[in-house]
Amino acid sequence: MSETRDRLFYKQKHVCDVMDEGEAALSEEYCRKYMAFLQKAKTERLAAAEAIRLAREHGFREFDRNAPVKPGDKVYRCVQGKLLLLAVIGTESLERGVNLCAAHIDSPRLDLKQLPLYEDHEVAYFKTHYYGGIRKYQWVTIPLELHGVAVLESGEAVDINIGGDPGDPIFYVSDLLPHLGYKQAEQPLAKAIPAEKLNIMVGSHPLKGEEDGERVKLAVMKLLHEKYSITEEDFLSAEIEAVPAFPVRESGFDRSLIAGYGQDDRVCAFAELQAIYETDRPARTCVCILADKEEIGSVGATGMVSRAFDCFMGDLCDKQGVKPDHCYESSFCISADVSAAFDPTWPEVFEWRNSAKLNYGVGISKFTGRGGKSGSNDASAELMGKLRRIFAENGVVWQYAELGKVDEGGGGTVAGYLGDRNIPTVDAGTPVISMHAPYEITAKHDCYMTYRCMKSFYASK
Ligand code: MN
Ligand code: MN
């Protein structure tokens with residue numbers, strides 16, 4: 001390459017051309033931890049619980065708004081078991097702002113309806129209502145497991161977890177056999193599997209000795225009562241999620257890829273967690289947000305629109321007599337969410353130059369959104385410049401990440417909700433193949449570089 005070309009042209013870096021053996025080993029070690037987390041964090045509640053368990057191992061304690069906090073303290077607050085906020089208090093005043101990373105821990109799935117159990121032609125089923133942007137045809141004929149909670153009239157909460165252990169039964173949504181699927185095959189993809197056919201098979205044996213109808217439903221209800229002490233009415237105050245029962249696995253002959261469910265956005269959630277776990281006595285206070293409900297618009301008390309975040313920040317600021325708004329305006333936020341990785345099998349929906357590629361590091365997006373950047377946050381050039389500097393100083397391999405061709409579609413993240421609070425915010429995350437599918441693919445070294453991105457951002461001034 002000529003010297004002029006070298007000096008003037010932007011050249012993207014492949015992780016394998018940058019990382020030496022020592023760093024590749026660190027990446028492997030990080031990915032082992034990430035895969036173990038992903039295997040446990042099948043729902044937002046399970047992700048929050050596992051994050052708290054690991055946080056406590058790293059010296060975090062539950063935040064008490066009436067107790068003093070001092071620089072170096074590590075605290076967390078969990079809201080309704082689904083939104084998790086962690087902070088490591090810095091040596092500088094909160095008036096100087098905080099370094100904030102915000103990921104989400106909810107993922108697309110099939111929720112059970114509130115009256116799910118029924119019997120049809122002597123097979124028992126659960127009705128479902130899908131959550132988030134799923135391609136419905138991907139959710140039939142795969143193993144499913146069930147996780148959630150039923151709250152009884154007494155107020156007692158009963159955890160429901162079945163299908164995840166190898167000895168457990170799994171659950172299943174049927175599809176037509178090809179021999180009888182000719183008419184279905186003529187339907188557009190979005191219509192071939194109607195939502196009301198996403199019914200989960202849960203049993204087929206009738207209750208012995210019963211003569212009347214619904215003998216199979218009764219047998220299933222009896223098993224549920226024996227195992228969980230619940231009756232049919234208790235489903236009304238339950239939230240139970242059916243998620244893919246696939247194990248998290250390495251993928252490819254070279255084991256360079258990770259296959260797993262819910263990598264959007266637990267891959268970024270874990271990167272933030274590992275980075276903040278390893279942060280001790282930073283100059284600027286570091287805050288990690290793991291939000292719920294991103295996949296349905298960041299709604300409700302546990303979503304990013306909620307005041308729960310402001311309440312936590314307000315409590316921290318109170319300790320130092322700082323106004324939260326004054327803290328926000330000097331803060332910076334990385335909205336840590338996955339981007340689409342360029343898929344060589346489907347190049348037609350991507351714009352190669354501006355797409356994230358597997359193994360080119362963490363993806364940075366100045367903006368997201370749909371059409372003319374609708375619903376986007378659109379980070380400033382100044383903030384993009386600041387990130388470039390941080391990454392250059394710390395050897396973080398990164399790339400630009402636009403979701404796809406402008407007219408093909410689009411999507412959003414929590415970035416806009418942080419921007420609304422007057423916090424300069426930019427999107428960054430791991431590129432993913434087949435985002436929102438029951439089994440998603442990431443590249444190990446991209447996962448590692450996402451963690452390196454968060455870690456160097458937390459340490460920045
Ligand atoms: Mn996401
Ligand atoms: Mn998503």
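## Two pockets and a manganese site

In this predicted model, β16, β17 (362–365), β18 (369–370), β20 (410–411) and β21 (425–429) each put at least two residues into the lining of the largest pocket. That pocket holds about 1,400 Å³ of space. There's also a manganese site to look at, plus a second pocket of about 370 Å³.

**Largest pocket**
- Of the 46 lining residues, A340, L403, G410, G411 and M435 come closest to the centre.
- β21 is the top contributor to this lining, with three residues.
- Sorted by class, the lining has 16 nonpolar, 18 polar and twelve charged residues.
- Domain 1 (2–107 + 261–459) and domain 2 (109–244) both chip in lining residues, so the pocket sits between them.

**Second largest pocket**
- Here 13 residues make up the lining, and Y10, K11, K13, V396 and W398 are the closest to the centre.
- α11 (381–394) and β19 (398–400) each supply at least two lining residues, with α11 giving the most at three.
- The class split is eight nonpolar, two polar and three charged residues.

**Manganese site**
- The manganese ion (ligand 1) gets its protein donors from H104 (NE2), D264 (OD) and D337 (OD, listed twice), at 2.1 to 2.5 Å.
- Along the sequence, those donor residues follow the spacing H-x159-D-x72-D.
- H104 belongs to strand β4 (residues 98–104) and D337 to the loop between β15 (332–336) and β16 (339–340), so this pair ties together parts 233 residues apart in sequence.
- Both H104 and D337 are buried.
- D264 bridges the manganese ion (ligand 1) and the manganese ion (ligand 2), which are 3.3 Å apart.

Notes: Residues numbered from 1 in each chain as written. Chains lettered and ligands numbered in written order. Predicted model: local features only at pLDDT ≥ 70, side-chain atom pairs only at ≥ 80, totals over all residues. Heavy atoms only, no water. Donors = N, O, S within 2.8 Å, 3.2 Å for Na, K, Ca; no water. Helix = DSSP H or I, 4+ residues; strand = E, 2+ residues; numbered from the N terminus. Buried < 20%, exposed > 50% of the residue type's maximum accessible area, 1.4 Å probe, protein only. 1 Å grid on protein atoms, 1.4 Å probe; cavity = no way out; pocket = protein on both sides within 12 Å on 5 of 7 lines; lining within 4 Å. Points joined across faces, edges and corners; volume = space filled by probe spheres on them. Nonpolar A, V, L, I, M, F, W, Y, C, P; charged D, E, K, R; others polar. Domains from an automatic or database assignment.
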